[in-house]
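Work through the exercises below with the sequence and the model side by side. Try each task before reading its solution.

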Amino acid sequence: MSAGRHRMRSKISGVAAAASATALVVVAAGTWFGYRELIQPACSGQIQLSVAVSAELAPAVDAAASQWVEDGAAVGGTCIAVNVSASEPVDVAAVVAAKHGAVLAGVGQASGTAVAPDVWIPDSSTWLVRLKKEATAFAPTNGASIARSPVVVAMPQPIATRLGWPNAKLKWTDLLKQVNSSKPLSTGIVEPTRDSAGLSGLLSLTAAAGGAGGDQETTVGALRALATGRSALRTDLLERFPKSTDPAAIASGLGAAALSEEDVIAYNKTKPPVPLAALYLEPAPAPLDYPFAVLPGVEPDKASAARVLFELLTTGDFRDRLAARGLRAPDGNWGAGFEAPEGAPSPAGTPAAPNGGGTAAGGLDGDSIDRVVSSWSIATQTGRMLAVIDVSGSMKAEVPAANNRSREEVTVEAARRGLGLFDNSWQIGLWTFSTNLVGTRDYKELVGIAPLSANRGRLESALSTIRPSDGDTGLYDTILAAYKRVQGDWQAGRVNSVVLFTDGKNDDKSGISQAKLLADLKGLADPERPVQVILIGIGDGVSKAELDSITKVTGGGSFVAKNPTEIGGIFLKAIALRPPAPR
């Protein structure tokens with residue numbers, strides 16, 4: 001797809017109109033869809049600037065960059081070659097996360113052939129916020145928005161009309177009632193760990209669930225209702241909207257989904273039998289705000305070229321290019337030719353915070369996003385887990401930040417709340433450990449691993465009986481025994497895991513050594529029957545290096561909550577970051 005070739009004089013300061021050498025603009029969206037090579041007089045060298053852009057925005061950026069090149073794109077007498085690629089934000093996020101030694105929940109590993117660009121324009125600042133939360137060294141510059149698309153609830157117009165559209169002012173609590181009713185509206189969502197509009201909608205709906213009574217049951221119910229209609233790809237979700245005006249087709253098709261305004265505009269342009277209404281629910285969710293992020297480590301000359309390109313993408317001309325693609329300007333207004341959905345506000349919302357820092361679009365921070373993403377991952381996946389809780393004497397220590405409750409009480413409460421997120425398809429068991437809990441054995445089985453459909457009540461009762469002992473920390477013997485138990489009853493199609501909470505180092509003098517534990521775990525490891533070990537340390541007495549040495553062998557991960565009140569959030573995060581179940 002080739003962008004327009006009409007000549008225009010550049011209004012960008014510092015661009016030399018009389019330049020020479022070769023300038024190249026390439027845009028890819030799975031295939032190459034733009035290529036220009038121009039020979040112009042008198043310019044030394046060439047700056048190759050790579051720009052990865054969300055697919056729906058890429059043609060507008062391509063057209064603007066191509067015009068810039070035709071005008072003689074240069075900085076300080078050096079020609080600029082702009083290589084623009086239409087890239088899925090989740091793919092670039094995986095590459096950037098891997099580069100910084102981080103993993104984002106639900107994103108997975110980066111492709112071996114993928115590379116990080118110089119400039120990244122994802123569809124939402126939430127990607128930058130999530131990366132900064134997991135990788136403190138990730139510090140992109142600029143980050144200001146160059147476009148906007150409000151997140152809406154897309155709904156077949158006949159269904160929307162029954163809810164009072166386009167005249168009624170609808171709220172997220174209204175949608176929540178429809179989702180949790182006795183005859184629930186069929187809802188869908190694009191996997192929110194991988195899709196910005198899906199994440200924005202999820203954040204708004206869970207906030208409404210919390211505000212509707214604040215109980216975890218309401219929130220989990222909303223999560224699971226959405227999960228039944230989730231799709232991996234936006235195109236797949238759109239295909240599930242009704243394709244016929246027949247009432248039966250409308251009733252059986254998808255009834256509502258969180259999408260972008262641009263998605264609705266593009267869908268309706270295809271003249272479907274049943275057009276979509278865009279519902280702008282209140283409070284307004286975080287929009288897609290398309291931040292212009294110059295990634296860390298970019299050379300100074302490329303950074304200079306990026307600054308000029310950014311100026312180009314904030315002009316009135318670019319606003320009109322956005323309008324042609326169904327996108328708004330960063331201030332929420334639209335340019336000439338924008339085909340606004342019925343009931344669309346103008347402007348829409350307030351600008352997001354630049355650079356993905358501090359507070360994200362819609363007033364969200366990294367912790368808020370982390371909690372919702374983790375809860376979603378747990379509520380919508382299935383697995384088999386043995387939870388193992390330290391009951392050594394040090395767990396009696398009081399936690400001032402938790403009204404002087406003991407470490408044990410804080411840990412058990414985190415486990416109890418986490419249990420409420422798992423659905424009945426999960427299989428969970430419970431052990432405690434210290435030293436000499438059962439004769440000379442360091443661990444004790446309270447509840448065997450079984451489906452929660454039959455085990456939930458037993459687990460809740462067992463958790464209420466847990467008290468600290470006077471023993472020490474028999475860590476190594478317990479980990480080895482727990483690993484063997486989970487591996488011995490290993491089940492395909494699930495993530496089989498051990499999740500262990502401890503507040504100390506191994507101090508069982510009669511138990512196995514660290515070297516013996518690691519050697520035995522290496523001998524037991526079977527790629528055909530993997531067992532993930534998740535170790536959660538509590539307080540200052542934990543050795544992160546000790547925990548890491550174990551999970552390096554088994555797979556999984558280790559986390560340390562210096563402040564015991566953080567255990568709940570870390571527990572959710574630890575479960576959510578587990579790799580997908582073997583197939």
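Two strands pair if DSSP finds at least two bridges between them; helices (H or I, at least four residues) and strands (E, at least two) are DSSP runs, numbered from the N terminus. The model is predicted, so local features need pLDDT of at least 70 and side-chain atom pairs count only at pLDDT 80 or more, while totals for chains, interfaces and linings use all residues. Residues are numbered from 1 along each chain as its sequence is written, and side-chain values use heavy atoms, with hydrogens and water left out.

**Exercise 1. The six-stranded sheet**

Give the strand order of the open sheet of six strands, and find which residue of strand 17 stands opposite Met-385.

Step 1. The order is 18-17-14-19-20-21, and the pairing is mixed.

Step 2. Strand 18 (441–451) and strand 21 (556–561) are the edge strands, each pairing on one side only.

Step 3. Strand 14 (residues 383–390) and strand 17 (residues 427–438) run parallel and are joined by seven bridges. Opposite Met-385 stands Ile-428 of strand 17.

Step 4. Val-438 also lies in strand 17. Val-438 has 35% relative accessibility and therefore counts as partly exposed (buried is under 20% relative accessible area, exposed over 50%, partly exposed in between, with a 1.4 Å probe and protein chains only). Leaving aside residues up to four places away in sequence, Val-438 touches Tyr-443 and Lys-444, where contact means heavy atoms within 4.5 Å.

**Exercise 2. Helices on and beside this sheet**

Which strands does helix 18 lie across, and how do helix 17 and helix 18 run relative to each other?

Step 1. Helix 18 (residues 544–554) lies across strand 20 and strand 21, at about 165 degrees to strand 21. Axes are lines fitted to C-alpha atoms, for helices over the stretch in contact, and angles run from 0 to 180 degrees between N-to-C directions.

Step 2. The axes of helix 17 (residues 514–524) and helix 18 come within 9 Å and cross at roughly 15 degrees. Helix 17 and helix 18 are therefore roughly parallel to each other (angles under 35 degrees count as roughly parallel, over 145 as roughly antiparallel, 65 to 115 as roughly perpendicular and the rest as oblique).

Step 3. Helix 17 contributes Gln-514, Leu-517, Leu-518, Leu-521 and Lys-522 to the contact, and helix 18 contributes Glu-546, Ser-549, Ile-550, Val-553 and Thr-554.

**Exercise 3. The five-stranded sheet**

State which strands stand at the edges of the open sheet of five strands, and name the bridge partner of Ile-189.

Step 1. The strand order is 10-9-11-8-12, with mixed pairing.

Step 2. Strand 10 (230–231) and strand 12 (276–279) are at the edges; each has a single partner strand, so one side of each has no neighbour in the sheet.

Step 3. Two bridges join strand 9 (residues 187–190) to strand 10, and these strands run parallel. Ile-189 has Arg-230 in strand 10 as its bridge partner.

**Exercise 4. A residue of helix 6**

Is Ser-204 buried or exposed?

Step 1. Ser-204 is in helix 6 (residues 196–211). Helix 6 lies across strand 8 (151–156), strand 9 and strand 11 (256–260), at about 125 degrees to strand 11.

Step 2. Ser-204 has 12% relative accessibility, so Ser-204 counts as buried.

Step 3. With residues up to four places away in sequence not counted, Ser-204 touches Trp-172 and Pro-285.
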